[in-house]
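Subject: Structure for your files

Dear colleague,

Here is the structure I said I would pass on. My notes on it follow below.

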Amino acid sequence: MSDSEKFITSKILRKISTLPRITIFRNNVGVCMAAGRRIVYGLTPGSSDFIGWVKTTITQDMVGKDFAMFLAVEVKTKAGKLSAKQKNFIEQVNKSGGVGIVARGEDDIVFEDKENQ
């Protein structure tokens, strides 16, 4: 029996909280009705469950400054499937130099820590 997405999300959040270079925010996406008006919320349709950044040190030829690399984490159960919009969002993040991942458990949260190697 596969874990629920809520359970997987809590395990992922615990893991990420131990990684000092990662900052993430919950990104709920959807539509609701309020006072007779349709309200669309979240970053964009298909955007990941969590967005944020990975603190990264630029190479010496770029003056050695830190910068924030965009991070997108889409949480799915083992059997969960990405929608076309979710798949496209992750692909675009990766093509643009960010880090876009699909996490089906906390073991999928792996980032190289070059600063401590």
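**What was found**

β5 and β6 run parallel and are joined by five bridges. In this pairing V73 stands opposite I101 of β6. Please keep in mind throughout that the model is predicted.

**Overall layout**

The chain has two helices and six strands, and along the sequence they follow the pattern α-β-β-β-β-β-α-β. The C-alpha trace spans about 55 × 35 × 25 Å along its principal axes. The chain has 117 residues, of which 34% count as buried. Taking contacts between residues at least 6 apart in sequence, 54% join residues at least 24 apart.

**The sheet and the helices**

Four strands form an open sheet in the order β1-β4-β5-β6, and the pairing is mixed. The edge positions are held by β1 (22–26) and β6 (99–103); each has a single partner strand, so one side of each lacks a neighbour in the sheet. From one strand to the next the twist averages 25°.

At the β1 end, the pairing with β4 (residues 50–57) is antiparallel and runs over five bridges. I22 has V54 in β4 as its bridge partner.

Helix α1 (residues 5–16) lies across β1, β4, β5 (66–75) and β6, and runs at about 160° to β5. Helix α2 (residues 84–95) also packs on the sheet, where it touches β5 and β6; its direction makes about 160° with that of β5.

Although β6 is an edge strand, it is mostly covered, with four of its five residues buried.

**The core**

The largest nonpolar core has 15 residues, and the members that touch the most others are I12, L71, V73 and I109. Two or more residues each come from α1, β1, β4, β5 and β6. The most come from β5, which gives four.

What does I109 touch, once its neighbours within four places in sequence are left aside? Its contacts are I12, K15, I16, L19, V73, I101 and A103. Two of these, V73 and I101, are the residues that stand opposite each other in the β5 and β6 pairing. I12 and V73 are also listed with I109 among the core members that touch the most others.

**Side chains around β1 and β4**

There is one aromatic pair in the structure. It consists of F25 and W53, whose ring centres are 5.7 Å apart; the planes are at 55°, so the pair counts as tilted. The two residues are 28 apart in the chain, with F25 in strand β1 and W53 in strand β4.

Are these two rings buried or exposed? Neither term applies: F25 has a relative accessible area of 44% and is partly exposed, and W53, with a relative accessible area of 35%, is also partly exposed.

R26 lies over the face of F50, at 5.2 Å from the ring centre.

**Two loop residues**

A35 is in the loop between β2 (30–34) and β3 (37–41). Its phi is near 50°, a positive value in a residue other than glycine. A35 counts as exposed because its relative accessibility is 84%, and the cut-off for that class is over 50%.

P45 is in the loop between β3 and β4. At 51% relative accessibility P45 also counts as exposed. Not counting residues up to four places away in sequence, P45 touches V29 and K85. As for its place relative to the core residue I109, the two are 64 residues apart along the chain, and their C-alpha atoms are separated by 23 Å.

**In short**

The main points are the open four-stranded sheet with mixed pairing, helix α1 lying across β1, β4, β5 and β6, and helix α2 packed on the sheet with contacts to β5 and β6. For a look at individual residues, I109 with its contacts, the tilted pair of F25 and W53 and the positive phi of A35 are the places I would open.

Regards

Definitions and conventions. Residues are numbered from 1 along each chain as its sequence is written. This is a predicted model: local features need pLDDT of at least 70, side-chain atom pairs count only at pLDDT 80 or more; totals for chains, interfaces and linings use all residues. Side-chain values use heavy atoms; hydrogens and water are left out. Two strands pair if DSSP finds at least two bridges between them. Axes are lines fitted to C-alpha atoms, for helices over the stretch in contact, and angles run from 0 to 180 degrees between N-to-C directions. Contact means heavy atoms within 4.5 Å. A nonpolar core is a set of buried Ala, Val, Leu, Ile, Met, Phe, Trp, Tyr and Cys residues joined through side-chain atoms within 4.5 Å. Buried means under 20% relative accessible area, exposed over 50%, partly exposed in between (1.4 Å probe, protein chains only). Rings of Phe, Tyr and Trp (its six-membered ring) pair if their centres lie within 6.5 Å; planes under 30 degrees apart count as stacked, over 60 as edge-to-face and the rest as tilted. A charge sits over a ring if NZ of Lys or CZ of Arg is within 6 Å of the ring centre and within 35 degrees of the ring normal.
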